[in-house]
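Mentor: Look over the model before we start. Then ask me about its empty spaces, its ligand and its backbone.

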Amino acid sequence: MGLTRVPGLLFGGDYNPEQWPEEVWAEDVRLMAEAGVNMATVAVFSWSRLEPEPGAYDFGWLDRVLDLLHVHGVAADLATATATPPPWLVRAHPEMMPVNADGVRLEFGSRQGYCPSSPVYREHATRLATVMAERYGEHPALAMWHIGNEYADHTLECFCPESAAHFRRWLQARYGEIGALNAAWGTSCWGQHYTGFAQVEPPRTAPGPVNPAQLLDWRRFCSDALLELFQAEKAALRAVTPDVPVTTNFMSILHGLDYWTWAAAEDLVSDDAYPDPADPTSHVAVALSYDLMRSLKRRPWLLLESAPSAVSWREVNAPKPPGVMRLHSLQALAHGSDGVMFFQWRQAKYGPEKFHSAMLPHGGTRTRGWQDTLRLGRDLRNLAEVAGADTTAQVALVLDWESWWGLEAPESMPSNRLKLKELLLAWYAPLHARGISVDLTPPGRDLSPYRVVIAPNLYLCTEEQAKALASFDGELIVGPFSGVVTRDDQIHDGGAPGPLKDLLGVAVDEFWPLTGPQDTTMGRAGTWAEWLRLIDAEPIAHYLGGDLDGRPAITRKGRATYVSCLLDDVTPVLDLVLDGVDRVDVPMGVEAVRRGGFLFLLNHTTAPQPVTLPSGGTDLLTGTPMRGEIALPARDAVVLRIEGEQ
Ligand code: GAL
């Protein structure tokens, strides 16, 4: 069963017909059909056009759009249209606009203008979701619901009185009584002892560093508050259209929202990904986020937005050179997407995104961009059999949002230079370069499918999480500054690595953040080191030179490896644990990804590369049988249906 009832791979993009006169729509759908587009995301920001006055709906135009799409074989990823509340609602309820940490209420004129805790917004958004479901639930074009849009893109948090009240309700549900909050937040420090929940406020700008436990709860709350909005709309849709799948588009590896929790609330995971064409390594970071998307539900997902060429929101918006849009699209499929969708179908004539690329550029069908769109459409038809194929990974990286929030709390850490995404990437990049499939996992999930589990950092680690890691029967690597604090951001008794101490057989006497390079016998470290004390682990690498000279840097106890520093290159550590793990050897800059019975080979370099195929097969893109050594042209790809695996 695919992600939706549309067979094969999904292909299309955001379609904003309300920005165009109706005469243009006929051309739109004709060209969509020509390109093989089979899905369009519609009505994302359409609330003010669907309900221009309170309760007075204007659905005629959307009816006609959906009919036209359907007739031309294009299904709808239909938005609930709640991503920008209309001016009349904001003017009637100015208190629903978000307030920043300095107490400034933001103005209408952009998008996502709502306080996540606003009861007015919630009431009207769920009402609109119900109305949309009632109107379009039976429409033959409807394939899936798109709730909101990129939650937390512009509005992650709000500091208004309504949000404060919501935060207090959330805290009361978590702690029951104020004494428990005082204990969890350690309010005996700096004289913050509360005698009632009414005294607690969101972490607005304060004279000095804000209590980090309060900040951690605020991060939890903000993720939950937005999720409540999603859930409220979902419930409204479910009541009318119980069988139509729902999603909301994620924003790759996003700090603000705990996507493990969010994904559990969705029927299918979808993602928006915008790797920077000016960064020659961006395909590695984006592969990591694609692997997260696949891991969220351990099943295929959908790339719901990407850029055909340049975006419009970086300082410099580089275009994608010839071949790159196709290559990046195939890369998403390689990592488990069941389609390729773009922002947007027709390039805008006005507004903040008029310079953002589109499938159909300003210059129309004579442009390079349109030729790319046509070519990708053909490719996706040739790759239809890839839809639904699962990925098997033997290596997993641990990612935990609460730990991430704790780690990157501002102002009170030994070093502000530990950034979780960079720590993940440091391990991911060399695995990716060796053609090794990687899943991401929360620490508490069943780890038995894996041979190797790597926790690049688990600053916050609970006893239960430590138990889950300890019961893992494979090679475990734990990175530095792990097992430091409890769920309440309090130092574990006896210090780091807290509940991981028995498992790793080491104690950290002192954190040793670095301002310059530090050598070890397994390579150079930067940013971070530790003064380790061995309990019953064996040292396998030592620090060389400086104040830590001769002290253990990397240790092993049984099959648990602890790396107390941030190595510039973790390859020597990986070499210790990767025996027997499936890999595909390819030259630097070529990406090899197995998905089910298919092998994707993607040449991200600007020169042809020799690749020895691990087995024979047929390239689905060209229909050519292949085996042995091939020359993979620059920025080109092969998708091999592996012989004997179907
Ligand atoms: C996304 C958003 C789209 C569009 C796109 C441009 O963040 O969901 O509506 O703005 O970026 O890159």
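**Cavities, ligand and backbone**

Trainee: Which residues line the second largest cavity?

Mentor: A cavity is a set of points on a 1 Å grid over the protein atoms alone, where a 1.4 Å probe fits but cannot get out; a lining residue has an atom within 4 Å of a point. By that rule, the lining consists of Leu-423, Ala-426, Trp-427, Pro-456, Pro-480, Val-563, Cys-565, Leu-566, Leu-567 and Val-570.

Trainee: What kind of model is this?

Mentor: Residues are numbered from 1 along each chain as its sequence is written, and side-chain values use heavy atoms, leaving out hydrogens and water. Local features need pLDDT of at least 70, side-chain atom pairs count only at pLDDT 80 or more, and totals for chains, interfaces and linings use all residues, for this model is predicted.

Trainee: How many nonpolar residues are in the lining of the second largest cavity?

Mentor: Nonpolar covers Ala, Val, Leu, Ile, Met, Phe, Trp, Tyr, Cys and Pro; charged covers Asp, Glu, Lys and Arg; the others, Gly among them, are polar. This lining has no polar and no charged residues. Its nonpolar count is 10.

Trainee: Which helix gives the largest share of that lining?

Mentor: Helices (H or I, at least four residues) and strands (E, at least two) are DSSP runs, numbered from the N terminus. The largest share is 3 residues, and they come from helix 14.

Trainee: What is the volume of the largest cavity?

Mentor: There are 5 cavities of 30 Å³ or more. A volume is the space filled by probe spheres set on grid points, which are joined across faces, edges and corners. The second largest cavity has about 70 Å³. The largest has about 100 Å³.

Trainee: Which element gives the most to the lining of the largest cavity?

Mentor: This cavity has 14 lining residues, with Asp-291, His-335, Ile-436, Ser-437 and Val-593 nearest its centre. Helix 10 (282–296), helix 14 (420–433) and strand 21 (590–595) each give two or more. With 4 residues, the most comes from strand 21.

Trainee: How many charged residues are in the shell around the ligand?

Mentor: A residue is in this shell if one of its heavy atoms lies within 4 Å of the ligand. Glu-150, Asp-153, Trp-313 and His-356 are among them. The shell has 4 nonpolar and 2 polar residues, and its charged count is 6.

Trainee: How far is the polar side-chain atom of Glu-150 from an oxygen atom of the ligand?

Mentor: A polar contact is a pair of N or O atoms within 3.5 Å. Trp-313 makes one with a ligand oxygen at 2.8 Å, and His-356 makes one at 2.7 Å. For Glu-150 the distance is 2.3 Å.

Trainee: Over how many bridges do strand 18 and strand 19 pair?

Mentor: Two strands pair if DSSP finds at least two bridges between them. Strand 18 (residues 538–544) pairs with strand 15 (residues 518–520) in the antiparallel sense over 2 bridges. Strand 18 also pairs antiparallel with strand 19 (residues 552–557), where Ala-541 stands opposite Ile-554. The number of bridges between strand 18 and strand 19 is 4.

Trainee: Which residue follows Phe-343 across a cis peptide bond?

Mentor: Most peptide bonds are trans. This one is cis, with omega near 0°. The residue sits in the loop between strand 9 (337–342) and helix 12 (368–382). It is Gln-344.

Note on methods. On a 1 Å grid over the protein atoms alone, a cavity is a set of points where a 1.4 Å probe fits but cannot get out, and a pocket is an open set with protein on both sides within 12 Å along at least five of seven lines; lining residues have an atom within 4 Å of a point. A polar contact is a pair of N or O atoms within 3.5 Å; within protein, one must be able to donate a hydrogen and the other to accept it, and residues adjacent in sequence count only if both atoms are side-chain atoms.
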